[in-house]
Amino acid sequence: MQPMPLNDSLFLIAESRQTPMHVGGMLLFEPPEDAGPGWLAEQFAASLEHTDVDPRLARRPYRKAGAGPWEWEADDDVDLEYHVRHSALPHPGRVRELLTLVGRLHGTLLDRSRPLWETHFIEGLADGRVAVYTKMHHAMVDGVSAMRMLERSLSLSPDSMPQPAVWSPQPGRRSHRPEVDVAPPGRLASMTGAVSGAVSGAVEGVRAVTGASEATLKSVVRSFREQAMAMPFQAPRSPLNVPITGARRFAAEDWPLERFKTVSKGTGAV
């Protein structure tokens, strides 16, 4: 058991159904030309053979008697068949169905009794493409670390040797029975944009001076978030400027590069 740095535990303290604190990303891939109908199922099965898990993804949050400070508890037997899942889209298999599924997955809170991450292999797009959606809790990894994990799992060529899974440990670091790897306490994690430092400082001060409960800490975080949303400007009324609920919608769009170049030339933008 290892203490969880305050900056990371804030993401657990402030999390609610309306404000999930995980981050996620979806990638689209074109299978090889000779891929059969069971190609993604084969990739899914092969991924489950990567049983070594990065120490950061082989731990779960824990509090004694459900109260007190958060700690990291090592999970010595990560259930990959829970964390890694295979799904198929309903007919007609458009991008719309894909984004609906990913939005539903993204709107669900991660189970705190397990390591806080999931990877989903998704097939059924009418054009033959497949998708991989991964989400991780911000208490476990920051955006840069998550992108590095993703980068290690991708190859530069179809002829490259099989790559490690996104959850695989860094080279030379094995974690079948992981040692908890806690992020250095000095690393500030962003929580509400520009006011993250103020939030962290306020919560730390409240806890140090008053020994405040988690309810008090949540109140402090909520207060700073509301002030940050109101200052320095009030956003104009629009369909996007509404109270946030627990539902999430995953949206995406693409445009040809030439269109951006045309706009750039026409506006003088760089």
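**Group meeting talk: cores, covers and an open sheet**

Let me start with one residue, L80: its relative accessibility is 9%, which is why it counts as buried. Before I go on, please keep in mind that this is a predicted model.

So where does L80 sit? You'll find L80 in helix α3, which spans residues 80–83. Setting aside neighbours within four places in sequence, L80 is in contact with L48, H50, T51, V53, W117 and W167. Take V53 from that list: V53 and L80 lie 27 residues apart along the chain, and their C-alpha atoms are separated by 9.2 Å.

Two of those contacts, W117 and W167, bring us to the nonpolar interior. As a general point, nonpolar side chains in soluble globular proteins tend to be buried together. Here, the largest nonpolar core has 31 residues, and L57, W117, M136 and W167 touch the most other members. Which elements give two or more residues to this core? They are α1, α2 (39–47), β6 (117–123), β7 (130–137) and α5 (143–152). There is also a second, separate core of 12 residues, with M26, L101, L105 and F250 among them.

Let's stay with M136 for a moment. Leaving out residues up to four places away in sequence, M136 touches H22, V23, L57, L110, L116, W117, V141, A146, M149 and V166.

Now for two helices that make a nice pair to look at. Helix α1, residues 6–13, is mostly covered, with eight of its eight residues buried. The buried residues of α1 include polar ones you can pick out on screen, N7, D8 and S9, alongside L6, L10, F11, L12 and I13. Helix α8, residues 257–267, is hardly covered: among its 11 residues the count of buried ones is zero.

Is L257, in helix α8, buried or exposed? L257 counts as exposed because its relative accessibility is 57%. Together with W255 and F260, L257 makes a nonpolar surface patch of about 360 Å². Just after α8 comes G268, with a positive phi near 75 degrees.

Last stop, the sheet. Three strands form an open sheet in the order β1-β4-β3, with antiparallel pairing. The edge strands are β1 (2–3) and β3 (59–62), each pairing on one side only. Between β3 and β4 (residues 71–74), four bridges join the antiparallel strands. If you'd like one to find on screen, look at R60, whose bridge partner in β4 is E73.

That's my tour, thanks for listening!

Methods. Residues numbered from 1 in each chain as written. Predicted model: local features only at pLDDT ≥ 70, side-chain atom pairs only at ≥ 80, totals over all residues. Heavy atoms only, no water. Buried < 20%, exposed > 50% of the residue type's maximum accessible area, 1.4 Å probe, protein only. Contact = heavy atoms within 4.5 Å. Patch = residues over 30% accessible without salt bridge, like charges linked within 9 Å, V, L, I, M, F, W, Y side chains within 5 Å. Areas by Shrake-Rupley, 256 points an atom, 1.4 Å probe, with all protein chains shown as cover. Salt bridge = Lys/Arg side-chain N within 4 Å of Asp/Glu carboxyl O. Pairing = 2+ DSSP bridges. Core = buried A, V, L, I, M, F, W, Y, C linked by side-chain atoms within 4.5 Å.
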